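Reader: I work at the bench and seldom read coordinates. Could you take me through the features of a model one at a time, with the general idea before the particular case?

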Amino acid sequence: MNYNLIQNNNDISIQVEKEYDLIIRKNNADITICKRKNNSCYCDINNANYSYSLNGQISAVDVNHSLANIRHIGFEITDSCNLDCVYCIYGKFYHNHDVRSNKKIDPKKAKLLIDYLVDKLDSSANISPKNEVFISFYGGEPLLNMKFIKDIVDYTQKIQNSHVLFKYMITTNAIYLKKHLDFIIKYSFIVTVSLDGSEKNDAYRNFQNGNPSFKIVYDTLKYIQKYHYDYFDSCLQINSVIHNLNNQQEIFSFIYHEFGKIPNFSMLNYTGVRSSMINDFNIMAHPKLEKMDNNINEEMNKILDLESNDIKKLQSFVFHYSGNVYENYNDLLINKGGVEHLPTSTCLPFSRRIFMTVNNKILPCERIGHEFALGEIENSRVNIDLENIAFKYNNYYNSIKSLCANCFYKMHCLMCMFDISNIGENPICERMADKQKFKEYLNDSMRILAKRSELYKRIMNEIILV
Ligand code: SF4
Ligand code: SF4
């Protein structure tokens, strides 16, 4: 398929399929998007707010399908940590997690979950062409429970079969990484190290006695880079949190020049912040304002582009207006007007991963509040009630669909419903867009495309939406 982007006066024309072009036309403040076939427009999408049903529902069969095709199993293996990072989601700013009590995960229960999932993966409901399943270890600080990691690696190496090949991932503060490096390298763990930039940028990441952790982490990364370069190059990534002691440019400049790596950027999580702490949190969540060296900015924009925040927004625009995003096969095969969609962009339960907490709760991922648990591991069985999970999700969808129906972002919403206040009751979405806000979004997207038309082809070829 050929993707061409042509700019002509106020129009941008994108050839999205062999048979039609997409025309985005700007007329003063109005945006019109239409498909053109054989030189005539046949589908007007004025302001993109045409009828789009949000009455979709899920069933127990959908939940079972996700479990039988699972690719990622995460464990919170301890709630203890050797650091006391100021912005930690288990720290003073947040209320939506279980109380931390220096617990370790129960290996017997973790193995029950693995056995349950291997049975599902061995069933005929597994239609995935891939057989790799990642086991991820999270904390607290997961390297404080190395006994569990070794036990689970040993166990999964023994039970893997032709349907299931286990691989391993860990997210660590790297304080004990050097100590356990041989094991980590032996099993080719994908390691994500948390580091927020230079020593000044990283000053929220301290030990419990207030001493900075930066030097140990920096020296460990330098050691791996020097003595295990191939591993460092292919398996190690750095995650940096943006806050008021740094910004994207400073982080990029430090990590890229010191380690030759492009960091993953993450923002502080607004969900679950205590109302009494919201002012302090807002100050901390705001990136540092500093005029940057133009050369660094230029270098960063060149290297980061698909990862930058602006381009992430553009990705949604390009995919949704290029006729290449389908929520399901009905969406692909049936006329869009006749298909019922799910509100928000929340993944189907367990379609991305499953996560078990130190308190035996089962969640669809490690990011969301523990109050959204979908099951638990009991003494001798895994309690996952497929019907009940489908019922819960449908209830969440029902609670938000009338809000989303009036939102101009509804066709390409980026929100996870678990980040929306009061989901299941009277939800309030801070991203909801009226016509004006949506026009600004279209204008921004067109401005970027007009300036950098090569991004269209790169987004179509290099980005995969899941
Ligand atoms: S944050 Fe939401 S959309 Fe993302 S993996 Fe978790 S449940 Fe799914
Ligand atoms: S931005 Fe909010 S209101 Fe709009 S569609 Fe997404 S979840 Fe619904």
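**Reading the backbone, the helices and the ligand shells**

Author: With 11 C-beta neighbours inside 10 Å, N102 counts as exposed, because the cut-off for that class is 12 or fewer. Please keep in mind that this is a predicted model.

Reader: Where is N102 placed, and what is its phi near?

Author: Most residues other than glycine have a negative phi. N102 has a phi near 50°, a positive value in a residue that is not glycine, and its place is in the loop between β6 (72–76) and α2 (107–121).

Reader: A174 also has a positive phi; is A174 buried or exposed?

Author: A residue is called buried if 20 or more other C-beta atoms lie within 10 Å of its own. A174 counts as buried because it has 23 C-beta neighbours inside 10 Å. Its phi is about 75° although it is not a glycine, and A174 lies in the loop between β8 (165–172) and α4 (181–186).

Reader: What should I look for in the peptide bond from G139 to G140?

Author: The general expectation is that most peptide bonds are trans. The bond from G139 to G140 is cis, with omega near 20°. G139 sits in the loop between β7 (132–138) and α3 (146–159), and G140 likewise has its place in the loop between β7 and α3.

Reader: Which residues does G139 touch, leaving aside those up to four places away in sequence?

Author: G139 touches E76, I77, T78, C81 and L144, and with 24 C-beta neighbours inside 10 Å it counts as buried. G139 and T171, which are 32 residues apart in sequence, lie 7.9 Å apart in space, C-alpha to C-alpha.

Reader: How do I check the length of a helix, and what span should α12 have?

Author: One compares the span expected at 1.5 Å a residue with the distance between the end C-alpha atoms. Helix α12 (residues 386–405) has 20 residues and should span 28 Å, and its end C-alpha atoms are 28 Å apart, which agrees. Along the way, α12 bends by about 35° at S399.

Reader: Which residues of α12 are buried, and what covers them?

Author: The buried residues of α12 are I389, A390, Y393, Y396, Y397, I400 and C404, and what covers them includes α1 (60–68).

Reader: Where do the buried residues of α13 fall when one looks down its axis?

Author: Helix α13 (residues 435–451) has 17 residues and reaches 24 Å from its first C-alpha to its last, close to the 24 Å expected. Its buried residues are Y441, L442, S445 and L449. Seen down the axis of α13, they fall within an arc of 95°, so they line one face of the helix. The face turned away from that buried side carries the exposed residues Q436, E440 and K451.

Reader: What classes of residue make up the shells around ligand 1 and ligand 2?

Author: A shell can be read by listing its residues and then sorting them by class. The shell around ligand 1 has six nonpolar, one polar and two charged residues, among them T346, C347, R352, C365 and C416. The shell around ligand 2 has nine nonpolar, one polar and two charged residues, including C404, C407, C413, C429 and R431. C404 is also one of the buried residues of α12.

Reader: How many helices and strands does the protein chain have?

Author: The protein chain has 14 helices and 15 strands, and of its 466 residues 30% count as buried.

Note on methods. Residues are numbered from 1 along each chain as its sequence is written. Chains are lettered from A and ligands numbered from 1 in the order in which they are written. This is a predicted model: local features need pLDDT of at least 70, side-chain atom pairs count only at pLDDT 80 or more; totals for chains, interfaces and linings use all residues. Helices (H or I, at least four residues) and strands (E, at least two) are DSSP runs, numbered from the N terminus. The expected span of a helix is 1.5 Å times one less than its number of residues. The bend at a residue is the angle between axes fitted to the seven residues ending there and the seven starting there. Two residues are in contact if their C-beta atoms, placed from the backbone, lie within 7 Å. A residue is near a molecule or strand if its C-beta atom, placed from the backbone, lies within 6 Å of it. Ala, Val, Leu, Ile, Met, Phe, Trp, Tyr, Cys and Pro count as nonpolar, Asp, Glu, Lys and Arg as charged, and the others, Gly among them, as polar. The arc is that of the directions from the helix axis to the C-beta atoms.
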